[in-house]
Amino acid sequence: MKIKLKKGLRLSLAGALPANATATAAESRVFAIYPCDFPGFVPKVDVKEGEEVACGTAVMHDKNHPEVKLVSPVAGKVKAVVRGERRKVIRIEVEAGESRTESPVFKKPSEVGAIKEFLALSGLLAFMRQRPYDIVPNPSDKVRDIFVTAFDEAPLAPDYSVFSGIFKADDYQAGIDLLSEISEGKVYISHKAGFAYTALKGAEMVEFEGAYPASNAGVQIANISPVDKGEVVWTLDFATVGRIGRLVRTGVCDFQTIVAVVGPEVEKPSLVSTICGASIAPILEGKLKSTNRNLRIISGNVFTGIADSADAFIHFPYRQITVIYEGDDVDEFMGWASFSPKKMSESSSFPGRFFSKVFSPDARINGGRRAMIVSGQYDKFMPMDILPEYLIKAILSNNIDDMEKLGIYEVAPEDFAAAEYADTSKLPLQKIVRDGLDNLRKELE
């Protein structure tokens, strides 16, 4: 099956990876697990500062589903349990020991009903999401289908082929075999042309062509087999399939990852081999341009990533760090209304829109927030059969009936990222959708 999408957005940013990029190792000593990276997960801490943990040892569990764990990505000692206001768990930091890969052995159960618990205990269930609500899956749910994303069209994102240095065809096949036992329907793998693993058995291959958000699971589900009320589907990326397969084949958790260090303020964009949750500073060491200006370091891409400091840690899904100017020290003639050809915009009012060049934007929103105008602007960036502007209005008014009719069960915040970038009203669409999904789940569950 091949699906070609016409709607979407491509940003032409400076700082892309070279075609022949190979990964070099970064020696991080401290790693962190952020519960906020896992929507729907209500954390309860299982470890204390100073406690020894192995790779794959549970450091938190979900209060609502105690079998669902977040685990340490390395063996070592718990350095800190960082809390915020009202003792909210911000992160747990683990300092790696000499044998950072030491791990307990997880044995794959023979009964199909226990496979979900097997994934939950290993921490890999938390790397997956369910529709509706875009949250960590509930192991007790019946799964209609499972959707695997094997490409990424986000700005400057690395290709999934970079993980071939970690996971092999046998790992991916073992992962698909396990997912096939969970799904009551099919396992779909969405990929683009040139995908190297089309021979995997037990999955239906779907080739996608199109700009971002074509690589989002929500867009793929909407164009393959939409979710109706009362149905549950699970989603995950292709790297997680490899981790699941490695767990099945060896019984141990493998949290190795490849991180792309990219962006206009990176001197030499490159790939770094590290472990999930690694500290950012060693990854960026010697890679940034020399400047006195403030930088925004983003764990992820410019659409959906989390802005953080250089002394923080990479966030899920642990694949990319993007560095751009903050823009808080810019003194620009006419400000956001400047018609400079250096200004990147999707509006045809700006001359840069018509130039085939790469841009080096900063983090300013270039305008002020104002009331939404229903003009069909969002629809140009969402290849889904919904009315996005009316859905946003329904969420803002907390109208549950309209939210259901307008397709809230199909969407995730990331599906609105491109529309948020181009939005002339400067509304935080992703936050609005996240809040709407969370409120809807509280009302109906």
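This is a short chat about salt bridges, buried residues and a surface patch in one predicted model.

User: Before we start, what kind of model is this, and how are residues numbered?
Analyst: It's a predicted model, where local features need pLDDT of at least 70, side-chain atom pairs count only at pLDDT 80 or more, and totals for chains, interfaces and linings use all residues. Residues are numbered from 1 along each chain as its sequence is written, and side-chain values use heavy atoms, leaving out hydrogens and water.

User: Cool. How many salt bridges are there in the whole structure?
Analyst: A search finds 23. A salt bridge here is a side-chain nitrogen of Lys or Arg within 4 Å of a carboxyl oxygen of Asp or Glu.

User: Which residue pairs up with D171?
Analyst: R249 does, with 2.6 Å from N to O. D171 lies in helix α2 (residues 169-182) and R249 in helix α4 (residues 238-250), so the pair ties together parts that are 78 residues apart in sequence. Helices (H or I, at least four residues) and strands (E, at least two) are DSSP runs, numbered from the N terminus.

User: Is D171 buried or exposed? And what about R249?
Analyst: D171 counts as buried because its relative accessibility is 1%. R249 has 47%, so it counts as partly exposed. The cut-offs are under 20% relative accessible area for buried, over 50% for exposed, and partly exposed in between (1.4 Å probe, protein chains only).

User: What does E231 bridge to?
Analyst: The side chain of E231 meets that of R144 at 2.8 Å, N to O. That pair links distant parts of the chain, 87 residues apart: E231 sits in the loop between α3 (217-224) and β14 (233-237), and R144 in the loop between β10 (129-131) and β11. E231 is partly exposed because its relative accessible area is 25%, while R144, at 18%, counts as buried.

User: Where's D134 in all this, and what does it bridge to?
Analyst: D134 forms a salt bridge with R131 (3.3 Å, N to O). Both D134 and R131 are buried.

User: OK, new topic. Which charged side chain is nearest to R100 with the opposite sign?
Analyst: That's E27, 4.3 Å away; R100 is buried yet has no salt bridge. For charges, Lys and Arg count as positive and Asp and Glu as negative, with His and the chain ends not counted.

User: So what does R100 touch?
Analyst: Not counting residues up to four places away in sequence, its contacts (heavy atoms within 4.5 Å) include E27, S28, F31 and I275. R100 itself is in the loop between β9 (89-96) and α1 (115-122).

User: And K287, where does that one sit?
Analyst: K287 is in the loop between α5 (280-284) and β17 (295-299). K287 is also buried with no salt bridge, and the nearest side chain of opposite charge, E285, is 7.7 Å away.

User: What about I146, buried or exposed?
Analyst: I146 counts as buried because its relative accessibility is 0%. I146 lies in strand β11 (residues 146-149). I146 and I182 are 36 residues apart in sequence and 8.5 Å apart in space, C-alpha to C-alpha.

User: Last one: where in the structure is Y390?
Analyst: Y390 is in helix α6 (residues 388-396). At 45% relative accessibility, Y390 counts as partly exposed.
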